[in-house]
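Q: I am new to this structure. Can you show me how to read the place where two chains meet?

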Amino acid sequence: MENIDVDPIAELCRIALADEERKTIAEQLNTMLAYMAQIKAVDVEGVEPMLHASAIHSILRDDQPGESFPAETALLNAPEQKNNQILVPRIVE
Amino acid sequence: MEELFFKSAEALGQMLAQKSLSSAELTQTFIQRIKAIDPEVQAFLSLDEEKSLRQARASDERRAKGQLLGPIDGIPIGMKDVIAEKGQPLTCGSKILEHYISPYDAAVTERLHRAGAVLVGRSNLDEFAMGSSTENSAYQKTRNPWNLEYVPGGSSGGSAAAVCSGEVPLALGSDTGGSIRQPAACCGIAGLKTTYGLVSRYGLPALASSTDQIGPFARNVADLAVLLQAIAGYDERDSTSCRVDIPDYRRLLDRPPKPRRLGIPKEYFAEGIDGEVQRAVEEAIAFYGAQGHQIVDISLPHTPYAIPVYYIVMTAEASSNLARYDGIRYTHRSPAATNALDIYFKSRREGFGPEVKRRIILGTYVLSSDHRDAYYIRAQKVRRLIAEDFSRAFEKVDAILSPTAPTTAFKFGEKMNNPLQMYLSDICTVAISLAGLPGLVIPCGFSGAGLPIGLQLIGKAFHEGELLAIAQQFEKAHDFSQRYPKI
């Protein structure tokens with residue numbers, strides 16, 4: 001049975017975990033992965049991955065500018081904003 | 001008054017047409033009903049009484065001028081809180097979107113406005129539609145109106161319980177792996193997961209983009225047809241929306257369907273299916289046989305892999321889709337964060353509940369470079385084999401009948417500490433989602449404990465009309481959809 005090291009995965013998906021949470025999630029994920037591993041028994045030789053339920057690919061509209069939200073509307077839910085922009089902490093020192 | 005709460009949308013529409021009451025009165029009556037019983041049922045996260053009454057009065061004005069917009073004009077509808085409605089909350093059942101207000105309407109919301117519907121409130125769900133009991137909501141636990149100690153199913157448990165308890169005659173839900181069908185079965189009402197691409201996903205925050213679909217809940221099949229009519233159709237803003245002819249679904253009903261070949265997949269009656277559920281579904285099959293349909297034994301051999309494939313594909317897609325909830329642009333931002341990176345980590349820790357974290361982490365794992373081939377890519381290949389099982393079956397049959405869930409509704413807390421057990425609640429629904437096919441659920445019996453049992457009818461892609469007709473034939477010969485919980 002595989003043993004997930006949760007920390008690097010949680011780091012990748014940007015979720016901070018408390019110690020207890022980390023332990024529970026690791027146990028649960030190991031159980032789940034052991035269950036998921038049954039697909040390794042299926043013969044998939046020559047089978048193409050199915051990415052979507054329908055056969056539609058690359059739907060593009062004409063390159064015409066359409067209507068879009070005014071900045072105020074787009075910023076309606078921003079946690080912090082200033083001068084029609086989203087405010088974040090300094091990134092480059 | 002109780003009779004009014006449990007009337008079909010069509011019957012309510014007739015009362016509006018005969019002017020026995022106005023839409024404003026009707027809406028007020030349902031809002032009072034919600035206020036009276038929702039403290040127990042907990043189906044709604046928010047109501048907008050003022051806006052609903054405004055919409056209802058506008059409907060009454062249209063009626064007075066003879067400018068009605070269709071059969072659901074003036075009818076109250078509940079919306080799962082994952083479908084955007086301009087100016088309304090869109091919590092997705094999550095703390096991370098607690099204060100979010102939709103800046104625009106989803107495509108289906110626009111369509112409901114064009115049909116004159118009255119959108120009364122936002123219904124509860126498992127956080128980001130992840131769950132089969134609605135217990136994962138960050139806000140409240142919706143109860144099953146048939147027995148308040150039981151879950152209503154999930155993730156669209158709020159919409160299902162609202163229709164079931166007579167709080168609204170109609171509701172919309174979303175179904176990624178069973179989230180309309182399983183709660184419909186648990187609550188004993190009609191629900192439809194549409195063919196992938198029939199209903200626009202524009203304005204539905206993505207969970208697993210390759211299977212997410214919006215669909216209707218109703219008290220009976222005719223209402224399901226009418227609400228489907230209002231929301232189905234091509235939309236250029238959803239790149240997976242299909243250009244298909246939309247029939248008049250309601251007109252296909254009310255006469256017995258032509259004799260069909262109905263497939264019974266043996267894998268859906270395997271170990272783990274509760275005896276009462278199995279008996280009720282078998283009686284429904286016997287009914288169809290007696291009506292002149294041909295009952296055909298079929299096999300969908302890759303069924304045992306549907307749960308692992310679904311939970312790999314679904315968590316992978318969800319881990320990517322939910323990356324947008326970053327604390328930067330429109331979600332909760334942690335006040336404890338000290339720098340930009342910290343905003344991500346802490347906002348997501350505070351904003352997401354345990355199930356969402358679990359799935360994001362599992363999805364990230366199956367997509368990570370070391371495990372992608374063994375899990376994600378392999379699952380996509382097995383997914384094709386699952387879809388091909390259905391294609392082969394549909395060479396021999398016109399529709400497939402099965403249980404909707406292996407058991408009736410379960411008690412609160414029963415599966416909360418064992419996520420894998422919770423996932424297995426979806427064993428009869430996920431394969432249909434992976435294949436993108438339509439699945440319709442109607443009540444087909446009750447357990448000894450008085451809990452509803454759902455029959456699932458699975459159709460060829462875009463054959464919703466046929467499923468509705470076959471389902472209605474059963475409904476008309478039984479009284480299951482006329483039974484109401486005492487609440």
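A: Start with a definition. A salt bridge is a side-chain nitrogen of Lys or Arg within 4 Å of a carboxyl oxygen of Asp or Glu. Bear in mind that this is a predicted model. Here the side chains of Lys357(B) and Glu21(A) form one, at 2.7 Å from N to O.

Q: How many salt bridges are there between chain B and chain A?

A: Two salt bridges are counted between chain B and chain A. Polar contacts are listed separately: 15 residue pairs across this interface, both residues at pLDDT 80 or more.

Q: Which helices of chain B supply the side that touches chain A?

A: Look for elements giving at least two residues each. In chain B these are α10 (306–321), α11 (340–351), α12 (354–367), α13 (372–396), α14 (419–423) and α15 (430–435). The largest share, 12 residues, comes from α13(B). By class, this side of chain B has 39 nonpolar, 15 polar and 11 charged residues.

Q: How many residues does each chain bring to the contact?

A: Chain B brings 65 residues and chain A brings 50 residues. The area buried between them is about 5,200 Å². Carbon and sulfur atoms give 73% of that area.

Q: What is the radius of gyration of chain A, and what would a compact globule have?

A: Set the value beside the globule rule. A compact globule of 93 residues would be near 12 Å, but chain A has 22 Å. The C-alpha trace of chain A spans about 55 × 45 × 25 Å along its principal axes. Of the 93 residues in chain A, 29% are buried.

Q: In what order do the elements of chain A run?

A: Read from the N terminus: α-α-α-β-β. That is three helices and two strands.

Terms used:
Residues numbered from 1 in each chain as written. Chains lettered and ligands numbered in written order. Predicted model: local features only at pLDDT ≥ 70, side-chain atom pairs only at ≥ 80, totals over all residues. Heavy atoms only, no water. Contact = heavy atoms within 4.5 Å. Buried area = accessible area lost by both parts, 1.4 Å probe. Polar contact = N/O pair within 3.5 Å; in protein donor to acceptor, adjacent residues only side chain to side chain. Helix = DSSP H or I, 4+ residues; strand = E, 2+ residues; numbered from the N terminus. Nonpolar A, V, L, I, M, F, W, Y, C, P; charged D, E, K, R; others polar. Rg over C-alpha atoms; globule rule 2.2 N^0.38 Å. Buried < 20%, exposed > 50% of the residue type's maximum accessible area, 1.4 Å probe, protein only.
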